[in-house]
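Please look through the sequence and the structure before reading on. The report that follows goes step by step through one protein chain, beginning with a strand and working outward from there.

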Amino acid sequence: ERDFAAGLSSFYQTKRDLFCNLLEGSRFHCVPSAGTYFQLLDYSEISQELDADLAVRLTQEAGIASIPISVFCDKKLDATVLRFCFAKTEPMLEQAAELLCKI
């Protein structure tokens, strides 16, 4: 169990790095993150709509789910950032990145 736990950090860092590398050339920009299974993506080059609105639209139109960070805030948030979970299989990350790169 100890070896498994010790390897989790590098295991998920590899997944995060793969996801971000697959998004190079897209209009999304990876926001540095650590200690999480979620990658923040800045969408300011794509839209200025509210993060919750874009999250719904991406789910409906592109079939990819994200989490708007505004749902974690008490005050209005003007950030153009969404959270995407990268704790997925490599083929699923590749498919998600392919969909995101088309936006």
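Because four of the five residues of strand β4 (residues 81–85) are buried, this strand is largely enclosed by the rest of the structure. The model is a predicted one, and every statement below should be read with that in mind.

**The sheet around β4**

Which strands form the sheet, and in what order do they lie? Four strands make an open sheet in the order β1-β2-β4-β3, and the pairing is antiparallel. The edge strands are β1 (29–31) and β3, each of which pairs on one side only. On one side of β4 runs strand β2 (residues 38–42), which pairs with β4 in the antiparallel sense over five bridges, while strand β3 (residues 67–68) pairs with β4, also in the antiparallel sense, over two bridges. The strands β1 and β2 run antiparallel as well, and three bridges join them. These two strands, β1 and β2, form a hairpin with six residues between them, and Gly35 in the turn has a positive phi of about 70°.

The table lists some residues that stand opposite each other in paired strands.

| Residue | Bridge partner | Strand of the partner |
|---|---|---|
| Gln39 | Phe84 | β4 |
| Leu40 | Arg83 | β4 |
| Leu41 | Leu82 | β4 |
| Pro68 | Leu82 | β4 |
| His29 | Asp42 | β2 |

**The two faces of β2**

In a regular strand the side chains alternate between the two faces of the sheet. Strand β2 shows such an alternation: Gln39 and Leu41 point to one face and are buried, whereas Phe38, Leu40 and Asp42 point to the other face and are not buried.

Next to β2 in the sheet order is β1, and Cys30 is found in strand β1. Is Cys30 buried, exposed or partly exposed? Because its relative accessibility is 31%, Cys30 counts as partly exposed, given that buried means under 20% and exposed over 50%. Leaving aside neighbours within four places in sequence, Cys30 is in contact with Cys20, Leu23, Gln39, Leu40 and Leu41. The C-alpha atoms of Cys30 and Ser44, which are 14 residues apart along the chain, are separated by 11 Å.

**The nonpolar core**

Which residues touch the most other members of the largest nonpolar core? Of the 17 residues in this core, they are Phe19, Leu41, Leu82, Phe84 and Leu100. The elements that give two or more residues to the core are α2 (51–62), β4 and α3 (90–101), and the largest share, four residues, comes from α3.

Leu82, one of the core residues just named, can be followed further through its contacts. When its neighbours within four places in sequence are left aside, Leu82 is in contact with Gln39, Leu40, Leu41, Tyr43, Asp51, Leu54, Ala55, Leu58, Ser66, Ile67 and Pro68. Among these contacts are Leu41 and Pro68; Leu41 has Leu82 as its bridge partner, and Pro68 stands opposite Leu82.

**The loop after β4**

Phe86 is found in the loop between β4 and α3. With a relative accessible area of 2%, Phe86 is buried, because buried means under 20%. Its contacts, leaving aside neighbours within four places in sequence, are Tyr12, Lys15, Arg16, Phe19, Thr36, Tyr37, Phe38, Gln39 and Leu93. One of these, Phe19, is also among the core residues that touch the most other members. Between the C-alpha atoms of Phe86 and Ala55, which are 31 residues apart along the chain, the separation is 16 Å.

**The largest pocket**

What surrounds the largest pocket, and which residues lie closest to its centre? The pocket has a volume of about 280 Å³. Of the 16 residues that line the pocket, Ile64, Ala65, Cys85, Lys88 and Ala96 are the closest to its centre. Both β4 and α3 supply at least two residues of this lining, and the largest share, five residues, comes from α3. By class, the lining has eleven nonpolar, three polar and two charged residues. The helix α3 thus gives the largest share of the lining of this pocket, just as it gives the largest share of the nonpolar core.

Methods. Residues are numbered from 1 along each chain as its sequence is written. This is a predicted model: local features need pLDDT of at least 70, side-chain atom pairs count only at pLDDT 80 or more; totals for chains, interfaces and linings use all residues. Side-chain values use heavy atoms; hydrogens and water are left out. Buried means under 20% relative accessible area, exposed over 50%, partly exposed in between (1.4 Å probe, protein chains only). Two strands pair if DSSP finds at least two bridges between them. A nonpolar core is a set of buried Ala, Val, Leu, Ile, Met, Phe, Trp, Tyr and Cys residues joined through side-chain atoms within 4.5 Å. Contact means heavy atoms within 4.5 Å. On a 1 Å grid over the protein atoms alone, a cavity is a set of points where a 1.4 Å probe fits but cannot get out, and a pocket is an open set with protein on both sides within 12 Å along at least five of seven lines; lining residues have an atom within 4 Å of a point. Grid points are joined across faces, edges and corners, and a volume is the space filled by probe spheres set on the points. Ala, Val, Leu, Ile, Met, Phe, Trp, Tyr, Cys and Pro count as nonpolar, Asp, Glu, Lys and Arg as charged, and the others, Gly among them, as polar.
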